[in-house]
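Biologist: I'd like to go through the labels on this model and hear what backs each one. Can you take me through the reasoning?

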Amino acid sequence: MEILVNPVAFLVFLPLAAALVTAVLPRILSRWVNLFVSVSLVIWIVILYGLLPASFELRGTLLMEVDALSYFGLVFVQILAVLFALYILKAQKRIISTFFMMTLAFTNGTLASSEPITFIAFWGLTGFMLYLFGIRKKVAGDASRKALMISGVSDALLIFGFFALAGTGNGVFSVLDLRPEMGTFWGGMVFISLGLAAFAKAGAFPLHVWVPGYCEKAPVEGTFTLPASFDKILGIYLFTRLMWHSNMFHPAVGVSMAVVGAFTIISGVMMALVQHDGKKLLGYHAVSQVGYMILGIATGNPIGVAGGLLHTINNATYKSGLFMGMGNVEQAVGTADLDELGGLSKRMPATFGGMLVNSLSISGLPPTNGFVSKWLVYQGVLIAIAGAGTTARLFLVTCLIMALFGSALTLASFMKLTYSVFLVRPASDKSEKANEAHWSRSAAVLLNAGLCLFIGIAWFFFPLGLIKGLPGLETLDYLGTYSVFQYLGIVVLIAVAGWLIFHVFKKVRVDAAFVGGQRDQPSFKVSGVGFFNEVKKMSPLKSIYGAAEKGLIDIYELTKSAFVKIPAPLKKLHTGELSFYSLWIVVGFFILLLVMM
């Protein structure tokens, strides 16, 4: 009965109970149960703040414990869950409500677990939910199996890392205090295993390859719930736990991870630039944005770590909003192909407004939340550069340049997305006749955009106030100043000036548009994706893009091909002749004798 009254266990029990209830309730009621439970958990997590640190024991074994870092993740999981539940109100199948509650329970369980076995169990179950969401669509079968396989690799790495960590110590440790001995072989193996497990979950290089295909093919409900948000929070949560003490033992680890982060940024955004499918474009950006989180945390200084953590929840916010918006578009038009969309700003104004704000957020423009977290990450890198040696400084400067360049390319990519979906002439009759999504879906996108603006304006109090509760981050020394109110004041002045100029010179002639001296015609349509097609033809990018399309730099495809080719020579040994098999038995027997002697 303790699980019913314990404040930590309740975070897992309530959504699990709701999952069982929604499995038998009528579809309409099950969707409202989702929303009710999500709102209740937001209230519960606020109450839990006054009880920190809180824990849950079962028969004398400490299974769960919530400290400042896990509480930070739990807060935003519950907030985002409310928006997701609102969006799912219009879900066509009841099973979506059940899957969502199960995912929420397993995510809360992962963040709250301090005992390694419990952590592994919940971690693995969240990965399995990827597969369950994905296989609802036949076209997502291969992508779902790929995600499940890499999720299994993440689980295996996590199990190996935890067992190796237990073996190097006294056999008992807490997930809240991971301390691999970086100066030893097994300590290094622990760090690599847990680091790769975190990268696979968050979708960072080199285990990011499941994310774009899954985002393109899987149902949007599974996409905005896991790879866009919850998976990112879980992966970076584990990475932060791992780096918290590893930097203290071996500073070179931070530089190495910063390089991985910078490479993740560039590789993801360069692939996103040339995509024609809107959801796949967002999938590659889901990869790219992880790089900023890794880069910030890898600096090891308070500003950088705070920026990385803040960017984790910021990304979960705007990226889930972008996927929800593309889900609205796909439902209204029947496709996410950018070549077949256009003109939806008038037909779907709420979705357009929400996606525009989220696009500005991911591009890092003020006064959105994306600007603040990237600003802190850049400061963290500058501080790390100032305190690094010559070689490390060279690497970190390169990382900073790559991060800044990646942010500029992100803006270019979302200018392409916004223009192709909402501003260019409609490419089909379906685009011309599209209607705004159901009120709950439009409201979810708009509330998501509002959250981006709220955090961008009130970031110093929330969520930075929660981050400052973490050990070592109580005091943040900024390299510069940023006043959002001064910025907003300038924006208001410009708007007022524009309004005055318009009313002074409002006597304007209205006429048709002309292009090259000719009256504008539908045939003059400027494609939103055509310009970026030229990027694929540039040398040496042409060969890189070609290799990516063939799967030659996909670690999953390469591994699968290797496993297919390795048994091929062995098949030739199976001739079907009894004498040949007898010979192998004799040879094997003599080899066994030699080994035993």
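Biologist: Why are α6 and α7 called roughly antiparallel to each other?

Modeller: First, a caveat: this is a predicted model. Helix α6 (residues 116-134) and helix α7 (residues 141-168) pack at an angle of about 175°, and angles over 145 degrees count as roughly antiparallel, so that label fits α6 and α7. Their axes are 8 Å apart.

Biologist: Which residues in α6 meet α7?

Modeller: On the α6 side, they include Phe119, Ile120, Trp123, Phe128 and Tyr131. Those in α7 include Arg145, Leu148, Asp155, Leu158 and Phe162. By class, the contact of α6 with α7 divides into twelve nonpolar, six polar and two charged residues.

Biologist: And what makes α2 and α3 roughly antiparallel?

Modeller: The argument runs along similar lines. Helix α2 (residues 10-22) and helix α3 (residues 27-49) pack at about 175°; the cut-off is over 145 degrees, and α2 and α3 are therefore roughly antiparallel. Here the axes are 10 Å apart. Among the residues making the contact are Phe10, Leu14 and Ala18 of α2, along with Val37, Leu41 and Trp44 of α3. That contact of α2 with α3 has eleven nonpolar, four polar and no charged residues.

Biologist: How do you know that the span of α3 agrees with its 23 residues?

Modeller: At 1.5 Å a residue, α3 should span 33 Å, and its end C-alpha atoms are 34 Å apart, which agrees.

Biologist: Which residues of α3 are buried?

Modeller: Ser30, Arg31, Asn34, Leu35, Val37, Ser38, Leu41, Ile45 and Leu48. The buried residues of α3 pack against α2, β1 (54-58), α4 (68-87) and α5 (94-112).

Biologist: Why is Asn358 called buried?

Modeller: Buried means under 20% relative accessible area, and Asn358 has 0%, so the label applies. Asn358 sits in helix α15 (residues 349-362). Leaving aside neighbours within four places in sequence, Asn358 is in contact with Thr317, Tyr318, Gly321, Leu322, Val445, Asn448, Ala449 and Cys452.

Biologist: What makes Lys560 partly exposed?

Modeller: Buried is under 20% and exposed is over 50%, with partly exposed in between. Lys560 has 41% relative accessibility, so Lys560 counts as partly exposed. The place of Lys560 is in helix α24 (residues 555-565).

Biologist: What separates the C-alpha atoms of Lys560 and Phe99?

Modeller: Those two are 461 residues apart along the chain, and their C-alpha atoms are separated by 29 Å.

Notes
Residues numbered from 1 in each chain as written. Predicted model: local features only at pLDDT ≥ 70, side-chain atom pairs only at ≥ 80, totals over all residues. Heavy atoms only, no water. Axes fitted to C-alpha atoms, helices over the stretch in contact; angles between N-to-C directions. Helix = DSSP H or I, 4+ residues; strand = E, 2+ residues; numbered from the N terminus. Parallel < 35°, antiparallel > 145°, perpendicular 65-115°, else oblique. Contact = heavy atoms within 4.5 Å. Nonpolar A, V, L, I, M, F, W, Y, C, P; charged D, E, K, R; others polar. Expected span 1.5 Å × (residues − 1). Buried < 20%, exposed > 50% of the residue type's maximum accessible area, 1.4 Å probe, protein only.
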